[in-house]
Amino acid sequence: ECSHMTDWIVFHDHIHPSESHSHGLSRVLIHQQTAYQTILIGESPYFGKILVIDGDIQSSQADEYRYHEALVQPALTLHPHPKSIYLAGGGEGATLREILRHPSIESVQKCDIDGEAIALYKTWLSEWHQGSFEDPRVRLFHQDARSHLATQQDGAFDVILTDLTEPYENGPSKALFSREFFSLCHQKLNQDGILAIQASQLSTKHFIMHGAIQHTIHQIFPIVRSYAVYVESFDTMWAFVIASKGIDPKNYTKEVIDTTLQSRGLSTQLRYYDGETHRHLFTLEKDTRSLLNQAHYPVIEDQAPLTLSRKDGS
């Protein structure tokens, strides 16, 4: 929702029918409807360029590194030697950028159904992707990620990442948050494999979606951890889930993480993630732990999707 005030276009990012965060844009660079979503890229005097998809802020130039490092770096750092990566979504290319920092990477399959959106991001969001789409290790596919992943060899991947829009009931991503999809991910990961996904907000007022996602992944993977980072342009704690067949992020000390990053030449490249940040990410507050430990969250299934809409504010 946009309105005009003085010389700015004001974009209202609603978090509840009674609450919103207003962003003043100095100009709109692109506003386009693709076959799958509505994309707005604008310039904010405060955040720099921002990306808005279907009325929700997805990324800002000022703080996108916090989100993308938080999504990618724990999983790849915990894996002893990540070589083969599968990425579902991650349209802007910043998730790719973070993956490709690791020198052991040999191949990345990135599957994003919206080719029109990718073309826009390549043109308008170079600060995000920094040429990562053109890296020879990357293969880009424009089709449904779930059906594409199903065609891959079992145990083919060291890490699977999903960077998708939230699974609202009428959204394009809901089939990529179900028990059946997470079972597919488990099947396609090797024994040391790690899954990491963006998983909605992590706050006491917006918890149902994250709780359901985490509870659903717990049906498939033995080790599942929620973690979150504050993203100022989102004005909330944003959550992720990491899951594995045997690697627990809580077992890794600050020193081990820092030594791994240094050995891979990443210590000076990363702006957000290091050993101290790792400890912070996986140390949740008491009220958050209490909410996560509740047993009432539904298991998301193909035939029983999550029935939340954007207007619910949940």
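In the predicted model, strand 8 (residues 84–89) and strand 11 (residues 157–163) run parallel and are joined by five bridges. Within this pairing, Tyr86 has Ile160 of strand 11 as its bridge partner. Both strands belong to an open sheet of seven strands, arranged in the order 10-9-8-11-12-14-13 with mixed pairing. Strand 10 (138–141) and strand 13 (223–231) occupy the edges of this sheet and each has a single partner strand, so that one side of each is left without a neighbour in the sheet. On average, and with direction ignored, neighbouring strands of the sheet are turned by 15 degrees against each other.

Two helices were found to lie across strands of this sheet. Helix 1 (residues 64–78) lies across strand 11, strand 12 (189–201), strand 13 and strand 14 (236–244), and runs at about 165 degrees to strand 11. Helix 7 (residues 208–218) lies across strand 12, strand 13 and strand 14, with an angle of about 165 degrees to strand 12.

The largest nonpolar core comprises 58 residues, of which Ile99, Tyr121 and Leu161 touch the most other members. Helix 1 gives the most to this core, contributing eight residues. For Leu161, when its neighbours within four places in sequence are left aside, the residues in contact are Leu71, Val72, Leu76, Ile85, Tyr86, Leu87, Ala88, Ile99 and Ala196; Tyr86, one of these contacts, is also the bridge partner of Ile160. Apart from the largest core lies another, of 31 residues, which includes Phe177, Cys185, Leu195 and Ala243.

Methods. Residues numbered from 1 in each chain as written. Predicted model: local features only at pLDDT ≥ 70, side-chain atom pairs only at ≥ 80, totals over all residues. Heavy atoms only, no water. Pairing = 2+ DSSP bridges. Helix = DSSP H or I, 4+ residues; strand = E, 2+ residues; numbered from the N terminus. Axes fitted to C-alpha atoms, helices over the stretch in contact; angles between N-to-C directions. Contact = heavy atoms within 4.5 Å. Core = buried A, V, L, I, M, F, W, Y, C linked by side-chain atoms within 4.5 Å. Buried < 20%, exposed > 50% of the residue type's maximum accessible area, 1.4 Å probe, protein only.
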